[in-house]
Amino acid sequence: MTETTAPALAAASSPALSEALSPAISAELSLELIITCADGLEAPLQTELTSFGIASDIKSTGRLTVTGTLRDLYTICLWSRVASRVLMLIKRRNINAEYDVAEQLYGLAKSVNWTEQFNLEQTFAIRLSVDKRVAVSQQFAMLRIKDAIADTFNEVYDSRPNVDSKHPDFAIFATVNDKQAELYLDLSGTSLHRRGYRVAMTEAPLKENLAAALLYSAGWHKKNDAGDAPFYNALVDPMCGSGTFIIEALLMHCDYAVGIDKAANQFGFYQWQHHDETLWQQMIDDAQTRFREGLAIANEQPDTLPLILGFDADSGAIIATEKNLIAAGLQDLLPLLDIETRALDQLSSVLKPLVDDGRLSNPLIITNPPYGERLGDEEMIKPLYQAIGLILQDSFAGSGIDPMLGILASHVEQVDILPIKEPKTLRCHNGAITVYFRYGKLIAGQTGNLVSRFEKREIEVEDGQDFINRLQKNLAKLKKLAKKDNVSNVRVYDADLPDFKVAIDLYGDYAHVQEYAPPKTIPPETAKKRFNLALMGIREVFDINREQIFIKTRARQSGNDQYSKQNTTEKRGKFHVAREDGAYFYVNFTDYLDTGLFIDHRNMRARIKDNSRNKSVLNLFAYTCTASVHAALAGAKKVTSVDLSQNYLDWGKQNFVLNGLDVSRNKYQFVAADIFEWIKENTEQFDIIFIDPPTFSNSKKFQGTFDVQRDHAAIINRAMNRLTADGVLYFSNNFTRFELDEQLIERYDIVDITQKTIGFDFNIKKPIHQSFEIRHRQSL
């Protein structure tokens, strides 16, 4: 059998030799150490040790080996933010897993002269880690190691030291796998990852050592090329929780040795025979001085402190962050930090000015979003991560700055959606939860869209030239208007030519093509040929591939067919993101006849947005809640969305989250109900009400049918009962022959605003919808 005894213990083979060792000689002892860490943090721990000037090798999961001096040992215990324990090898021996493992462990432990390690008055405890491939009772194996130590003392003193499993003077750590067993002395004592500043917590708080490890991974510890200033000039945590990232980053920047918290009595080497109290005290004094100086520099020379921004939608989280900052000894820096209650949807408005004035020239953006605890629905997680990427791309658009982005998630699929180039992923654990840290440079957001990038050119398509010419003529006109109004979702063609009966809507970089069902007088072969010519022309004019074009056939609809699913497979088609007036929306080009975003109501949504600040808004027939999102982003104090379909409301919630809006807040309500019944029973008053009903509906979810011409007066009258005295109700519908009920005109102040709500890309002479502004008559 191969047996190894640690060099340090070999040098101390007798008490006399140990006592004779001077501090200088002790400091140069060669120690074979195992530095443990949480699974997945091996690389960050190695990065940290390298920054200390300590070489290491990753031995296995959660274990690094270091051959170092006593000073190295003290450095790790005092300064490591990532390590869990420091173990010193006492002895190792090969074993045969086919024989009695417990007895082999007894033999290994019995071969050590424990009387040279500690005395009768000192206590000890055994901890054992057993590989799952080894068939042995862990409790029994620990008992046999304890027996070996007791037998060693009994043979010399006819007595033995006591076991103290909670607070031992010496913690002996044993490991065994199918090849080898090892005995270590735990020199760190209590786990190194524990900090003393956690006095306030939020849900699922981030572990301090994990936060530090992720900061190392992202390079927060680095200096600039000159070596005299931080590499990053700012740290941004948009969902800071109880502030762990912020605190660990500041402690690192101010040169705080986290082991100082435990220096009084918690380290395991205090009773060790080679402990050099003089050297240790010198290192403690030096660490305290470094922190005082680092804190003073940061406080007296604020320009040396990176900009620290910490936000959270929960005010309780911000209070917890401030309490923890004070507990960490960083209270003097609080006036220099920007720690605010601020929801994710407000992030861009904060970052953009800082980008413009150069204060975010090289930031680290790092955060631990809620994995679902606050959102409460797995379907909301993907939109949240997509929102973070979109908001950051918007914040740094056109700046030429590629910030470092690092985000945690509970599933790797969640971070796959993040716009990160050359991404790196660290699989680790936050407590018992497996998490994934994705980090890398932010990919700049795409500039332009199909409308803005259009350039007229010579295109020849046999039998389709008229269509090509008309489409290019339309685009030349619409491009200027779209640029003026900053619009990227437009209708560029709507059956302009009798031989090409299609509608073409552009959503950013995608074309949504709807073929009108041809009349029976047109042979199917002719209709198919013309439609294929149109598709060919579209690809040529926009210079796009097939994946960017989505095709549907639009026939006369009955009932609620325009909202019913076209894709009958169980799997829903892919959501794409469309942008409108600073908001983002999910659009679905495959599953339904309509996409989830009605382009023709663009101006109506803008009107609602312009009037929603500090108002209570009700959106009836809310569909995918696009108008509700605009109201919420504009600062509405409450937004209630009501629709019969829970599926569309869920889509609407995802639209909210996609814009960084926190759907767990009571100010945003999503109600699945029959609009007539809900508005009759609800007694709340609203400042703004928007009603955009279908032309006709015969949904199975409520009795009877809805016909907008027949029933609009009833729904408007009920809604006006819910409207405040000085409020406004916007009513719109797409029934081409719609006529407003005369009794409504007599009862309320009504203004026809159709002309103002028809966009530049629709025919104002043949309005696609009619819309009205309705108010209570004011008594004289």
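This briefing describes selected helices and one sheet of the structure above. The model is predicted. It includes an open sheet of 7 strands with mixed pairing, a mostly covered helix α6, and a right-handed crossing of helices α13 and α19.

**The open sheet**

- The strand order of the sheet is β11-β10-β9-β12-β13-β15-β14.
- Strands β11 (338-341) and β14 (420-430) form the edges and have a single partner strand each, so one side of each lacks a neighbour in the sheet.
- From one strand to the next, the twist averages 15°.
- Within the sheet, β9 (residues 234-237) pairs with β12 (residues 363-367) in the parallel sense over 3 bridges, and V236 stands opposite I365 in β12.
- Helix α12 (residues 347-356) lies across β9 and β10 (307-312), and runs at about 170° to β10.

**Helix α6**

- Of the 10 residues in α6 (residues 101-110), 7 are buried, namely V101, A102, Q104, L105, Y106, L108 and A109.
- These buried residues pack against two kinds of element: the strands β5 (85-94), β7 (170-176) and β8 (180-186), and the helix α7 (138-157).
- The N-terminal end of α6 is capped by D100, which has a side-chain oxygen 3.1 Å from the backbone nitrogen of A102.

**The crossing of α13 and α19**

- The axes of α13 (residues 381-395) and α19 (residues 646-658) come within 7 Å and cross at roughly 35°.
- On the α13 side, P383, L384, Q386, A387 and L390 take part, meeting Q654, V657 and L658 of α19.
- The residues of this contact comprise 6 nonpolar and 2 polar, with no charged residue.

Conventions: Residues are numbered from 1 along each chain as its sequence is written. This is a predicted model: local features need pLDDT of at least 70, side-chain atom pairs count only at pLDDT 80 or more; totals for chains, interfaces and linings use all residues. Side-chain values use heavy atoms; hydrogens and water are left out. Axes are lines fitted to C-alpha atoms, for helices over the stretch in contact, and angles run from 0 to 180 degrees between N-to-C directions. Helices (H or I, at least four residues) and strands (E, at least two) are DSSP runs, numbered from the N terminus. A crossing is left-handed if the near helix is turned anticlockwise from the far one by less than a right angle, and right-handed if clockwise. Contact means heavy atoms within 4.5 Å. Ala, Val, Leu, Ile, Met, Phe, Trp, Tyr, Cys and Pro count as nonpolar, Asp, Glu, Lys and Arg as charged, and the others, Gly among them, as polar. Buried means under 20% relative accessible area, exposed over 50%, partly exposed in between (1.4 Å probe, protein chains only). A polar contact is a pair of N or O atoms within 3.5 Å; within protein, one must be able to donate a hydrogen and the other to accept it, and residues adjacent in sequence count only if both atoms are side-chain atoms. Two strands pair if DSSP finds at least two bridges between them.
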